[in-house]
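Please give a guided tour of the structure shown here, with each stop saying what to select and what is there.

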2 protein chains.
Amino acid sequence: MKVSELGEFGLIDLLAKTVSRTKPNRHPRQPELIVGIGDDTAAWKEDSSIRLATVDSLVQDVHFSLETISWSELGWKSLAVNLSDIAAIGGAPGYALVSLSLPGDTQVEDVVAFYEGMNDIAQRFGVCIVGGDTCRAPIVSITITLLGNSRSQNLLRRSGAVPGDMIAVTGYPGSAAAGFEMMTYQLQFNEEATTCLRNAFHRPWPRITEGQRLVEYGAAAAIDISDGLIADLEHICQASHVSARLEVDSLPIHPVVKENFGEKATRLALTGGEDYELLFTADVNIMNKVKREIQCPVTVIGRITDEEPYEVGLFDNSGNPVKIDRSGWDHFKASK
Amino acid sequence: MKVSELGEFGLIDLLAKTVSRTKPNRHPRQPELIVGIGDDTAAWKEDSSIRLATVDSLVQDVHFSLETISWSELGWKSLAVNLSDIAAIGGAPGYALVSLSLPGDTQVEDVVAFYEGMNDIAQRFGVCIVGGDTCRAPIVSITITLLGNSRSQNLLRRSGAVPGDMIAVTGYPGSAAAGFEMMTYQLQFNEEATTCLRNAFHRPWPRITEGQRLVEYGAAAAIDISDGLIADLEHICQASHVSARLEVDSLPIHPVVKENFGEKATRLALTGGEDYELLFTADVNIMNKVKREIQCPVTVIGRITDEEPYEVGLFDNSGNPVKIDRSGWDHFKASK
């Protein structure tokens, strides 16, 4: 069977099983694993702290096009997607290692611009770039490993959602996908809209502070939106053995997206991906505190239920089911 | 300027300077950096321990050919090259994160074989694979990040060599390059030689235990041989501000390589690369202890001097200079 037939999530499951057959020789310094393969961020206990580590790759013409993204934006985004994984577990980032594969005819100034963009976001989030690897390759490919800590003994997990929890999202999902469509299809909008949508796709702002507050206040489950809101909510449902009821009319859609994409905006918000906003669940009291205390927009968009099978149902504000093309982002199946 | 004109080491220097302009917001948990960009392994103090992290990428048709390496061997080698970086600093490996980019038509059984090969070496060295990332790409590319600890407060560094130190190497450098030539040019040897050379190139054995003993006994400087013996010895000379005098006739060359490659064996040993043996320096007393106590072959091959410029001189056993094609491995310039 080809990996494109199995799909990304099938492959991850299979590899997790292969690896779980590994029984490392434990020695006194071998710490205790809390989160392993299959989650966004690995976590383990060591010297009474919780250590975090996450890795993400961006591959030319799969994750980005050098025809639309600048090298500086690419540097920003490469680290941002990793920061978002640390945000989704409620952690604090620390050190980064950068592996950069480049064609030999890449301009040195472009590589410096890449590092400057990465430095920019690194400085804003207190990340120190400590090492890496550069090598020749036919296409540009970036793999960043980000290490961090949890200041709390608790972590945000995909698996913590409980029936009755409210479901909420930070920011405006769909904006990144709108930016992608604008650049791919060379749609012409006014300058403000163009900048807003370009930044949404190329300079996402990881919700590090918000993730830490969610842990502190006791949110039940969280994930960052990389695959698309529905697809990522399904990850929560599957990990938590619950279902979700999503109120499509409650979706927070950015005015720029609403204005320029009309009816399509809802589909972008539900399936777009690459928003790097936090999707989370919490009981009513905690959700009220979150909405009061967290500075970025937080919108309640549905509720966790105990219905089987573990999936996401879409409803309008009259309670009628809504149908939508729900194809999510699968790195092996997608043709996006 | 193109990166191929600047070269790998020029690029690393430039990127280190770009990154050193980063001043992360230090907070109470921000630990203390000991080794940053430019060395094989980053190191920092945290909770009174020394943490280590290294990353290495293997790119299809740059670092390996699927026409000669099996998927299981590729899994082994991908982790081995990272283990070797931890060995070179004298550390103990712990956790690994694996980022795997694959064409969609890759067979699932091949990916499983890759993970099994990686598991095999992981188990032998007490490594736990805790996470990663899989994505679609036009070619196979593997980036592994390996985290570790130092049990000692000391580390093996490139920069510790002192005039008068003896220079030694573990194992038999040149064997991996001999394996590469055998497979690339389809040279026909007997079965024992074929297996020996194939394993030297595809299943290198990282010198983790030996690296830890070298720290314990007080070796002055070390590096693992990835770029080639001369090139890596030059890295030590440049970092330590010393020169080196290499006795070519002392080079330990594996009998299989000597028998099948004749006069070419010396050049393979000096410039071949990818041996993942340890090249290190120590004073006479420590070197004697190392030779007595370490179980793998250890051969003294020269001496550190205070001559300028900081480079490696080659001599025969009569003290006459030896000339050799000294081109090392540069990931951006090489056409290997």
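The tour starts at the interface of two chains and ends at a single side chain. The model is a predicted one.

**Stop 1: the two chains.** Colour chain A and chain B differently, then select the residues in contact. On the chain A side there are 84 of them, touching 86 residues of chain B. Together the two chains bury about 7100 Å² between them. Carbon and sulfur atoms give 59% of that area.

**Stop 2: three residues of chain A.** Select A:Tyr95, A:Thr134 and A:Arg136. Of the area that chain A buries against chain B, these three supply 10%, more than any other three residues.

**Stop 3: contacts across the interface.** How many salt bridges does the rule find across the interface of chain A and chain B? It finds two. To see a salt bridge, select A:Glu46 and B:Arg51, whose closest N and O atoms are 2.7 Å apart. Polar contacts across this interface number 21 residue pairs, counting pairs with both residues at pLDDT 80 or more. Now colour the side of chain A that touches chain B by residue type: 39 residues are nonpolar, 28 are polar and 17 are charged.

**Stop 4: A:Asn149.** Move to strand 6 of chain A, residues 141-150, and select A:Asn149 within that strand. Is A:Asn149 buried or exposed? A:Asn149 has a relative accessible area of 10%, and the cut-off for buried is under 20%, so A:Asn149 counts as buried. Add A:Arg51 to the selection: a polar contact of 3.2 Å joins its side chain to that of A:Asn149.

Definitions and conventions: Residues are numbered from 1 along each chain as its sequence is written. Chains are lettered from A and ligands numbered from 1 in the order in which they are written. This is a predicted model: local features need pLDDT of at least 70, side-chain atom pairs count only at pLDDT 80 or more; totals for chains, interfaces and linings use all residues. Side-chain values use heavy atoms; hydrogens and water are left out. Contact means heavy atoms within 4.5 Å. Buried area is the accessible area (1.4 Å probe) that two parts lose on being put together, summed over both. A salt bridge is a side-chain nitrogen of Lys or Arg within 4 Å of a carboxyl oxygen of Asp or Glu. A polar contact is a pair of N or O atoms within 3.5 Å; within protein, one must be able to donate a hydrogen and the other to accept it, and residues adjacent in sequence count only if both atoms are side-chain atoms. Ala, Val, Leu, Ile, Met, Phe, Trp, Tyr, Cys and Pro count as nonpolar, Asp, Glu, Lys and Arg as charged, and the others, Gly among them, as polar. Helices (H or I, at least four residues) and strands (E, at least two) are DSSP runs, numbered from the N terminus. Buried means under 20% relative accessible area, exposed over 50%, partly exposed in between (1.4 Å probe, protein chains only).
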